[in-house]
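Here is a walk through one chain, written for someone who would rather think in side chains than in file formats. Have a look at the structure first, and then we'll go through it piece by piece.

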Amino acid sequence: MSYVVADGTTVKVRPVVARMAGYMEEKLAVHDDRRGVAGWMHEDPTILLKRLKDEYLELMYVLSSNDPPDPAVVWREAADVANFAAMCADLYQCSFMKED
């Protein structure tokens, strides 16, 4: 699988990145009926950053647990972090493009 990035370069997607993308999409799709496919576009950026921090703390909690979780639990928590980071980047890019 390959993907074209902002500067037009085509990059090959690593298996671990494809796996993360699958978990990310799984988490996002749960909210599609209620919020649409880009529901974060109407969020305050500070709210998204707070949610990113909250998800990071949840991931840290899972990783530091004395009772090792199933790897899928870790992937899903990591996907939450990645999703909120991506939402922040997407919202920034859209606001940046509006200024041009």
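## Starting at Gln 93

Let's begin with Gln 93, which counts as partly exposed because its relative accessible area is 45%. You'll find Gln 93 in helix α4. Pick Pro 71 as a second point, 22 residues away along the chain, and the two C-alpha atoms turn out to be 32 Å apart.

Keep in mind that what you're looking at is a predicted model.

## How far to trust it

Mean pLDDT for the chain comes out at 89, with 96% of the residues at 70 or more. Helix α3 (residues 45–63) has the highest confidence, with a mean of 96, while strand β1 (residues 2–4) has the lowest, at 73. As a rule of thumb, predicted coordinates should not be read in detail where pLDDT is low.

## The overall layout

The chain has four helices and two strands. Reading from the N terminus, the order is β-β-α-α-α-α. Measured out along the principal axes, the C-alpha trace spans about 50 × 35 × 25 Å.

Of the 100 residues in the chain, 22% are buried. Take the contacts with a separation of 6 or more: 60% of them are between residues 24 or more positions apart.

## Where α1 and α4 come together

Which residues make up the stacked aromatic pair? The count of aromatic pairs is one, and the partners are Tyr 23 and Trp 75, stacked with 5.6 Å between centres and 10° between planes. This pair ties together distant parts of the chain, with Tyr 23 in helix α1 (residues 15–29) and Trp 75 in helix α4 (residues 71–99), 52 residues apart. Both Tyr 23 and Trp 75 are buried.

A salt bridge also joins these two helices. Asp 80 and Lys 27 meet through their side chains at 3.4 Å, N to O. Asp 80 belongs to helix α4 and Lys 27 to helix α1, 53 residues apart, so here too distant parts of the chain are linked. Asp 80 counts as buried because its relative accessibility is 11%, whereas Lys 27, at 26%, counts as partly exposed. Asn 83, another residue found in helix α4, is in contact with Met 24, Lys 27 and Leu 28, leaving aside neighbours within four places in sequence. Asn 83 is buried, with a relative accessible area of 5%.

## Charges on α3, and one without a partner

Searching the whole structure gives four salt bridges. Two of them sit within helix α3. Asp 54 pairs with Lys 50 at 2.9 Å, N to O, and these two residues are four apart, about one turn of the helix. Arg 51 pairs with Glu 55, with the closest N and O atoms 3.5 Å apart; Arg 51 and Glu 55 are also four residues apart in helix α3. Glu 55 is buried at 6% relative accessibility, while Arg 51 is partly exposed at 37%, as is Asp 54 at 25%.

Now for Glu 77, in helix α4. What is the nearest side chain of opposite charge to Glu 77, and how far away is it? That would be Lys 27, 5.6 Å away, and Glu 77 is buried yet has no salt bridge. Since a salt bridge needs the nitrogen within 4 Å of a carboxyl oxygen, this pair doesn't make the cut-off. Not counting residues up to four places away in sequence, Glu 77 touches Glu 55, Glu 58, Leu 59 and Val 62.

## Cysteines and a loop histidine

There are zero disulfides here. Why is Cys 94 not bonded to Cys 88? The closest cysteine sulfur to that of Cys 94 is the one in Cys 88, and it is 13 Å away, which is too far for a bond. Cys 88 counts as buried at 18% relative accessibility, and Cys 94 as partly exposed at 27%.

Last stop is His 31, which is partly exposed with a relative accessible area of 37%. From His 31 to Leu 59 it's 28 residues in sequence and 20 Å in space, C-alpha to C-alpha.

Terms used
Residues numbered from 1 in each chain as written. Predicted model: local features only at pLDDT ≥ 70, side-chain atom pairs only at ≥ 80, totals over all residues. Heavy atoms only, no water. Phe/Tyr/Trp six-rings, centres within 6.5 Å; stacked < 30°, edge-to-face > 60°. Buried < 20%, exposed > 50% of the residue type's maximum accessible area, 1.4 Å probe, protein only. pLDDT = per-residue confidence, 0-100. Contact = heavy atoms within 4.5 Å. Lys, Arg positive; Asp, Glu negative; His and termini not counted. Disulfide = S-S within 2.5 Å.
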